[in-house]
Amino acid sequence: MNIQNAQKAVDAWIKAHGVRYFNELTNMAQLTEEVGEVARIIARRYGEQSEKESDKDKDLGEELADVLFVVLCLANQTGVDLQQSFEKKLEIKTNRDHDRHHNNQKLK
């Protein structure tokens with residue numbers, strides 16, 4: 001599934017199950033909450049914090065999918081073609097960062 005199809009799938013889900021989109025500010029708060037859940041897993045599973053017993057069954061992929069879902073909602077409700085925007089951003093980053101990263105001594 002490409003990003004454009006993912007946006008369409010989220011829109012169809014919202015119309016079938018969600019009644020309507022939450023407003024943009026609510027979705028931004030939800031996005032922050034979901035990113036926090038990803039951060040908690042990363043910090044405890046891969047960082048220096050100890051993992052609580054209640055966190056051991058958390059699925060990182062599922063939490064990342066929650067982040068993606070809310071990002072797709074925000075793109076839909078604000079009229080952003082995320083496929084086009086992502087492709088443009090990837091081109092910008094490729095042109096801007098290729099030499100910079102290859103020349104970064106910290107990455108060697």
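1. Start with the H1–H3 contact in this predicted model. On the H1 side you'll find Ile3, Ala6, Gln7, Val10, Asp11, Trp13 and Ile14, and they meet Phe69, Leu72, Cys73, Ala75 and Asn76 of H3. Sorted by class, the residues of this contact come out as nine nonpolar, two polar and one charged.

2. Now the geometry of that pair. Two packed helices are described by the angle between their axes and the distance between the axes. For H1 (residues 3-18) and H3 (residues 60-78), the axes come within 9 Å and cross at roughly 85°. An angle from 65 to 115 degrees counts as roughly perpendicular, so H1 and H3 are roughly perpendicular to each other.

3. H1 also has a contact with H4 (residues 82-102): here the axes come within 7 Å, and the crossing angle is roughly 150°. That makes the two helices, H1 and H4, roughly antiparallel, because the cut-off for that label is anything over 145 degrees. The residues involved are Ile3, Gln4 and Gln7 from H1, meeting Leu82, Gln83 and Phe86 from H4. By class, this contact of H1 with H4 has three nonpolar, three polar and no charged residues. If you have the structure open, look at Ile3 and Gln7: both are listed for H1 where H1 meets H3, and both turn up again where H1 meets H4.

4. On to the whole chain. There are four helices and zero strands, so reading along the sequence gives α-α-α-α. The radius of gyration is 17 Å, well over the 13 Å that the globule rule gives for 108 residues, so the chain is more spread out than a compact globule. Along the principal axes, the C-alpha trace spans about 50 × 45 × 25 Å.

5. Two more chain-wide numbers are worth having to hand. Of the 108 residues, 21% count as buried. And if you take the contacts with a separation of 6 or more, 62% of them come from residues 24 or more positions apart.

6. Is Arg44 buried or exposed? Arg44 counts as buried, because its relative accessibility is 16% and the cut-off for buried is under 20%. Arg44 lies in helix H2 (residues 24-45), and its side chain makes a polar contact with the side chain of Asp55 at 2.9 Å. Leaving out neighbours within four places in sequence, the residues Arg44 is in contact with are Gln49, Ser50, Glu51, Lys52 and Asp55. So if you're browsing around Arg44, Asp55 is one of its contacts and also its side-chain polar partner.

7. Leu60 and Leu68 make a handy pair to look at, as Leu60 is found in helix H3 and so is Leu68. Leu60 is buried, at a relative accessible area of 18%, whereas Leu68 is partly exposed at 46%. Beyond neighbours within four places in sequence, Leu60 is in contact with Val38, Ile41, Ile42, Arg45 and Tyr46.

8. Finally, a couple of C-alpha distances you can check on screen. Leu60 and Glu33 are 27 residues apart along the chain, and their C-alpha atoms are separated by 14 Å. For Leu68 and Asp97, 29 residues apart in sequence, the C-alpha to C-alpha distance is 24 Å.

Conventions: Residues are numbered from 1 along each chain as its sequence is written. This is a predicted model: local features need pLDDT of at least 70, side-chain atom pairs count only at pLDDT 80 or more; totals for chains, interfaces and linings use all residues. Side-chain values use heavy atoms; hydrogens and water are left out. Buried means under 20% relative accessible area, exposed over 50%, partly exposed in between (1.4 Å probe, protein chains only). A polar contact is a pair of N or O atoms within 3.5 Å; within protein, one must be able to donate a hydrogen and the other to accept it, and residues adjacent in sequence count only if both atoms are side-chain atoms. Contact means heavy atoms within 4.5 Å. Axes are lines fitted to C-alpha atoms, for helices over the stretch in contact, and angles run from 0 to 180 degrees between N-to-C directions. Angles under 35 degrees count as roughly parallel, over 145 as roughly antiparallel, 65 to 115 as roughly perpendicular and the rest as oblique. Ala, Val, Leu, Ile, Met, Phe, Trp, Tyr, Cys and Pro count as nonpolar, Asp, Glu, Lys and Arg as charged, and the others, Gly among them, as polar. The radius of gyration is taken over C-alpha atoms; the globule rule is 2.2 Å times the number of residues to the power 0.38.
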